[in-house]
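Thanks for asking me to look this one over. My notes are below as numbered points, so you can go through them with the model open beside you.

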Amino acid sequence: MTTQTPTPQPGLGWPPEPPVPRGSAFGPWPAPGTRDYDPSNRSPASERRPDLPARPGYVRTKAAWPRPPSPRVIVVANQKGGVGKTTTTVNLAAALAQHGARVLIVDLDPQGNASTALRIEHGDGTPGVYDALVDGTSLAKLIQPCPDVAGLFVVPASIDLAGAEVELVPLLGRESRLRRALDSHLQELTESADRLDYVFLDCPPSLGLLTINALVAGQEMLVPIQCEYYALEGVRQLLRNVELIQAHLNAGLSVSTVILTMYDARTRLSAGVAQEVRDHFGDRVLRTAIPRSVRISEAPSYSQSVMTYDPSSPGAMSYDEAAAEMARRNEPSQRLQTETQEAS
Ligand SMILES: Nc1ncnc2c1ncn2[C@@H]1O[C@H](COP(=O)(O)OP(=O)(O)O)[C@@H](O)[C@H]1O
Ligand SMILES: [Mg+2]
């Protein structure tokens, strides 16, 4: 068999053409030993990065991680659908809660995928984030505890949220309604033992008013990037929108973290996209990439995060390690470092 090496094309990603996904029990990429497996599509050992998924050296413990001095409000956004926003939100939040943090997820996607994945009631008529945005209901009345993970709470989204994009338009302060609801909730809890450590805002795949509400309410942005061919195209547009939000609505917002999702260490494509993302975002990219894993994609159909569905799977280990990296960024010295780097 002849092995063809594609020619590098600067700026266009690597290789020039996306490989055609072919199904196998391993995911869309054929597993070694199966009929469709193509060894020429493997990245050579010299190109494989030691810091990518399932790092052999990572030891998972049950230890409590340090809690941040004040609640961190993290917007999980990328207007592209299917890049792993919800999966990342649910699993990072579950991992942080398993290590002693109190974590709230606000499900801002009318599909309610985050609510489903955590066994949270969100059928038609269930009070949810719609009521906070449109009617000004306080979040305390909407929050439900996740039955499988102590310390994890969800404001669910039901299908009526789909109408909120339109219903918000004539309302006063339409871009900052979530911020007001969240600020007053966090304020009420400041002195209590129920204080929250992390709030994740899981955005829908669009740049409409729901995502804008999240960007106005948040301090940090976490951008999941799927390791595939057109990964960076949507991200450029997202960053332009973030600049507009920073200039006009929320000067305190920063793109603090990027996470690589659905990474496949066996392909040049994943390695190439990962390298391009790391060149662009530097230290903001978590060292841990999340591997493409059947267990991760199966978990929601059992109304679970992979952290409870299969805690020892490589996917759960990777989300645990990524969450540990996020928790380490609590420390002021690290934040300062990131801010200094951004300023220079
Ligand atoms: N690491 C992964 N490995 C395999 N499948 C994944 C992984 N991450 C996400 N998925 C699957 O990809 C699909 C899209 O993920 P999702 O988190 O819902 O994306 P988004 O919220 O950005 O639309 C879902 O079916 C999910 O189960
Ligand atoms: Mg989603």
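1. Let's start with the sheet. In this predicted model, seven strands make up an open sheet, and reading across it the order is β3-β4-β2-β5-β1-β6-β7. The pairing is mixed. At the edges sit β3 (144–145) and β7, each of which pairs on one side only. For background as you trace the sheet, strands pair through backbone hydrogen bonds, in either the parallel or the antiparallel sense.

2. Now the β3 edge. Here β3 runs antiparallel to strand β4 (residues 152–155), and two bridges join them. If you want a residue pair to find on screen, P145 has F153 in β4 as its bridge partner.

3. Moving to the β7 side, please look at strand β6 (residues 220–226), which has a parallel partner in strand β1 (residues 72–76), with three bridges between them. One of the bridge pairs to look for is I74 with E220 of β6. β6 also pairs in the parallel sense with strand β7 (residues 254–261), this time over seven bridges. Two bridge partners there are worth marking: M221 goes with V255 of β7, and V223 goes with V258 of β7.

4. How does the chain cross from β6 to β7? It passes through helix α7 (residues 231–248), giving a β-α-β crossover that is right-handed.

5. Are these two strands covered? β6 is mostly so, with six of its seven residues buried. β7 is mostly covered as well, even though it is an edge strand: seven of its eight residues are buried. For the protein as a whole, 44% of the 344 residues count as buried.

6. You will probably want to see the surroundings of ligand 1. Which residues come nearest to ligand 1? Of the 18 around it, they are G84, K85, T86, T87 and S297. Two elements, α1 (85–98) and α9 (294–298), each give two or more residues to this shell. The most comes from α1, with three residues. By class, the shell holds six nonpolar, 10 polar and two charged residues.

7. While you are on helix α1, have a look at A97, which lies in it. Is A97 buried or exposed? It is buried, because 24 other C-beta atoms lie within 10 Å, and 20 are enough to count as buried. Apart from neighbours within four places in sequence, A97 is in contact with V103, V149, A150, G151 and L152. There is also a long-range pair to check: A97 and D197 are 100 residues apart along the chain, yet their C-alpha atoms are separated by 9.3 Å.

8. Two backbone angles deserve a quick look. R119 is not a glycine, but it has a positive phi of about 55 degrees. You will find R119 in the loop between α2 (113–117) and α3 (129–135). M262 likewise has a positive phi of about 55 degrees without being a glycine, and its place is the loop between β7 and α8 (268–281).

9. What about the surroundings of those two residues? R119 is partly exposed, because 17 other C-beta atoms lie within 10 Å of its own. M262 counts as buried, because it has 24 C-beta neighbours inside 10 Å.

10. For the overall picture, the protein has 12 helices and seven strands. Among its contacts with a separation of 6 or more, 77% are between residues 24 or more positions apart.

11. Last, a word on confidence. The average pLDDT is 83, and 79% of the residues score at least 70. Over residues 5–52 the pLDDT is below 50, and this stretch has 56 contacts in the model beyond near neighbours in sequence. Residues 332–344 also have a pLDDT below 50, with six such contacts. Where pLDDT is low, please don't read the predicted coordinates in detail.

Definitions and conventions. Residues are numbered from 1 along each chain as its sequence is written. Chains are lettered from A and ligands numbered from 1 in the order in which they are written. This is a predicted model: local features need pLDDT of at least 70, side-chain atom pairs count only at pLDDT 80 or more; totals for chains, interfaces and linings use all residues. A residue is buried if 20 or more other C-beta atoms lie within 10 Å of its own, exposed if 12 or fewer, and partly exposed in between; C-beta atoms are placed from the backbone. Helices (H or I, at least four residues) and strands (E, at least two) are DSSP runs, numbered from the N terminus. Two strands pair if DSSP finds at least two bridges between them. A crossover is right-handed if, with the strands pointing away from the viewer, the path from the first strand over the helix to the second runs clockwise. A residue is near a molecule or strand if its C-beta atom, placed from the backbone, lies within 6 Å of it. Ala, Val, Leu, Ile, Met, Phe, Trp, Tyr, Cys and Pro count as nonpolar, Asp, Glu, Lys and Arg as charged, and the others, Gly among them, as polar. Two residues are in contact if their C-beta atoms, placed from the backbone, lie within 7 Å. pLDDT is the predictor's confidence in each residue, from 0 to 100.
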